[in-house]
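User: I would like to discuss the packing of a protein chain. Please base each answer on the coordinates.

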Amino acid sequence: MLRSLVRCHALPPSTQLRRVLFFSTGTSVSSSGVTASPDPHFIVEYLMNTCGFSADDASKVSKFCPRIKSTEKADAVLGFFRSQGLDDTNLRRIIAWKPGLLGWDVETNLAPKFKILRDMGLSGSDIIDIIRRHPIAIVSNSKIPLLLRFKVWESLLGSKEILLKNLRRCGWFFSSNIENVVRPNMNFLRDECGIPQDRISLVIKRHPSFIAQNPQSLRALVDRAEGIGIPRESKMFLWILDVLHGVSREKFEAHVKIMNRFGWSNSDFVSVVKKHPTFLCLSTEVLQRKMEFLVKDVGMAPLDIAKKAVVLRLGLEKRCLICGLVVICELEAVAAPPGNDVATCEVKNFNFGTIIGPASKLDRGAVLTAAMACIAAIAIL
């Protein structure tokens, strides 16, 4: 069946060059019996005729083509890919990325990997899409069979559906090292850091790449968190590790400097990290803008923001700005003395109270200024 499919998509006689030697008539054989390199001009012509490469691209790819004596395997590989639905554009991309594929045996090397992907529940179009985005899916030669690796990830992620979703999006799954990376990392977090398995599983489901990082990098990350002042016993320890995995030391220090300028001490900063670490994921520009809006326009004290840091998680362009309008709508004004343009207002029973605290005192003028900023911002959204 496989051979018939390949034959159906074989190259036409004019370009097939079946079983023609890749060598010029002047090619010699060394005393050791090893055949010399193939004629580069012939390979360039073959790549142009069979794959549609330009002359320049074919010349570049030909330098990395396998030393094969005939085009039989190359023809079979190209025919197989086409029989699976791969178009010429993506075929050229894959061959340019891995010219050695032209020397592979279809039945031994390629067909089994396509079968594994089908057995995982992927449709033909899914498989082509994955290979188009992540050609490593078909060239991985790990000692652990591909199917076994997928079974481990299915167990870690909790379902085949979640695994398939990640397979379509992330190419590194196909080359992940289970024995030397994933399992040692899990053992380290569980046995040495004392983190429960169910908590580790939650982080893996959210960010699978976290558990696939280099084990030495994970240990360095733990040292970094402890250096900040986060104890391993904290229930937030693993979540903070997950956040720090995507935050460089330079970005962390930049955030500290921004908040120091607004009056936070280093202790205030660490306290917020312990409760709301995801604010570290904000860019320095966005963090600066949020603090300026909350302090200058809304009138919140920087230390109040530290106590109710969940406000930093609100989107500045929409939710955070709209909150200013909510404040205005929910205020109950206290009568101001005659001639006083700025009245002190008491906030009662409004949703933003979970952020700034119930019955907080806000400067009415500052809130009105914030509302005008909100209106102006919302008008351009």
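User: What covers the buried residues of helix H9?

Analyst: The model is a predicted one. In it, helix H9 spans residues 146-157, and its buried members are Leu-146, Arg-149, Phe-150, Val-152, Trp-153, Leu-156 and Leu-157. The cover over these residues includes helix H7 (106-119), helix H10 (160-169), helix H11 (178-192) and helix H12 (197-206).

User: How wide an arc do the buried residues of H9 cover around the axis?

Analyst: In an α-helix, residues three or four places apart point the same way, because there are 3.6 residues a turn. The buried set in H9 includes Leu-146, Arg-149, Phe-150 and Trp-153. The buried residues lie on the same side of H9, because the arc they cover around the axis is only 160°.

User: How far does H9 reach from its first C-alpha to its last?

Analyst: H9 has twelve residues, for which 16 Å is expected at 1.5 Å a residue. Just after the helix, Gly-158 takes a positive phi of about 100°. The reach of H9 itself is close to the expected value, at 16 Å.

User: Which residues touch the most other members of the largest nonpolar core?

Analyst: This core holds 99 residues. Its largest share, seven residues, comes from helix H14 (residues 237-244). The residues that touch the most other members are Trp-153, Leu-189 and Leu-312.

User: What percentage of the residues in the chain is buried?

Analyst: The chain contains 21 helices and three strands. Among its 381 residues, the buried ones make up 44%.

Methods:
Residues numbered from 1 in each chain as written. Predicted model: local features only at pLDDT ≥ 70, side-chain atom pairs only at ≥ 80, totals over all residues. Heavy atoms only, no water. Core = buried A, V, L, I, M, F, W, Y, C linked by side-chain atoms within 4.5 Å. Buried < 20%, exposed > 50% of the residue type's maximum accessible area, 1.4 Å probe, protein only. Helix = DSSP H or I, 4+ residues; strand = E, 2+ residues; numbered from the N terminus. Expected span 1.5 Å × (residues − 1). Arc of directions from axis to C-beta. Contact = heavy atoms within 4.5 Å.
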